[in-house]
Amino acid sequence: MNQGGMSSYSEGTAASDNGEAEQLALAKLFEKFGASRDVKKNDFIFRSEEDSQEIYFVRDGLVKISQFAQEGQSITLFLRHRGEVFGAAEVLTGQKRQRYARCITDSRILSIPASSFTDLLKQHPDALYALTVANARRLLQTQRYVETLISRPVAWRLAQLLLQLGVRAGKETVVTLPLSHEEISYVIGCSRQTVTETLGRWRDEGIVRYEKKQVVIFDTDSFERRL
């Protein structure tokens, strides 16, 4: 069961059409029936080829889903943010883990055993519906991602990732980079050098302040209009 004293995910959150309704329904299921644990930055949640024994929910933090290429380097395929479920596909299809999950910030993860997850979904049709809609959204996002890799320039793809990861405060957006430039390059489909050069060019143009682990976008609205 969830740890005593943990604040409810739904506090201060209003459902809308951008996926928050599904997040709320799934959060309630995981908070009621899941076990909570704090996972440190860089710690693994599961590894590839392991038996799929649990389904996970990001209560707080950021998780990357990655795999190793033939050359041995790690390729980050997806990021799982606060309010997202991960690790369900292998459980529902009866497969071993195809990839690994690792925290890229200190995170709080809720988990439900695979042995009880299906029964819980049957008993809570709202959560089953939410998971179905969330997976449909994820499929559409994947399709758009593939289209983006084909049709959009690297600068646009990098900008979108920064805006997704950042926190807006007034006109500025502050992005604390949890990913290395190499990991960013895998996510947006380019070389590490291109990521570094693009950030450097934006800095030289006075659009951002760029340091090792932080990017500050000075005027977010203007930055978005440039894309």
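## A tour of the rings and a four-stranded sheet

Start by selecting Trp 202 and Phe 223: both are buried (under 20% relative accessible area, with exposed meaning over 50% and partly exposed in between, for a 1.4 Å probe and protein chains only). This is a predicted model, in which local features need pLDDT of at least 70 and side-chain atom pairs count only at pLDDT 80 or more, while totals for chains, interfaces and linings use all residues. Residues are numbered from 1 along each chain as its sequence is written, and side-chain values use heavy atoms, leaving out hydrogens and water.

**The rings**

Rings of Phe, Tyr and Trp (its six-membered ring) pair if their centres lie within 6.5 Å; planes under 30 degrees apart count as stacked, over 60 as edge-to-face and the rest as tilted. The count by this rule is 7 aromatic pairs. Now select Phe 44 and Tyr 100: their planes stand at 65 degrees and their centres are 5.3 Å apart, so this pair is edge-to-face. Because Phe 44 belongs to strand β2 (residues 44-46) and Tyr 100 to strand β7 (residues 100-103), the pair ties together parts 56 residues apart in sequence. Helices (H or I, at least four residues) and strands (E, at least two) are DSSP runs, numbered from the N terminus.

Is each ring buried or partly exposed? Phe 44 is partly exposed, at a relative accessible area of 25%, and Tyr 100 is buried, at 3%.

Go back to Trp 202 and Phe 223, an edge-to-face aromatic pair with 5.2 Å centre to centre and 85 degrees between the planes. Trp 202 lies in helix α7 (residues 192-204) and Phe 223 in helix α8 (residues 220-226), so parts 21 residues apart in sequence are tied together.

For a cluster, select Phe 30, Phe 57 and Phe 117, which form one aromatic cluster.

**Charges over rings**

Add Arg 47 to your view of Phe 44: its charged end sits over that ring, 3.8 Å from the centre. The rule asks for NZ of Lys or CZ of Arg within 6 Å of the ring centre and within 35 degrees of the ring normal. Arg 97 likewise has its charged end over the ring of Phe 46, 4.1 Å from its centre.

**The sheet**

Finally, show the open sheet of 4 strands, ordered β9-β10-β12-β11 with antiparallel pairing. Two strands pair if DSSP finds at least two bridges between them. The edge strands, β9 (167-169) and β11 (208-210), each pair on one side only. Inside, β10 (residues 172-176) and β12 (residues 214-217) pair in the antiparallel sense over 4 bridges. Look there for Val 174, which stands opposite Val 216 in β12.
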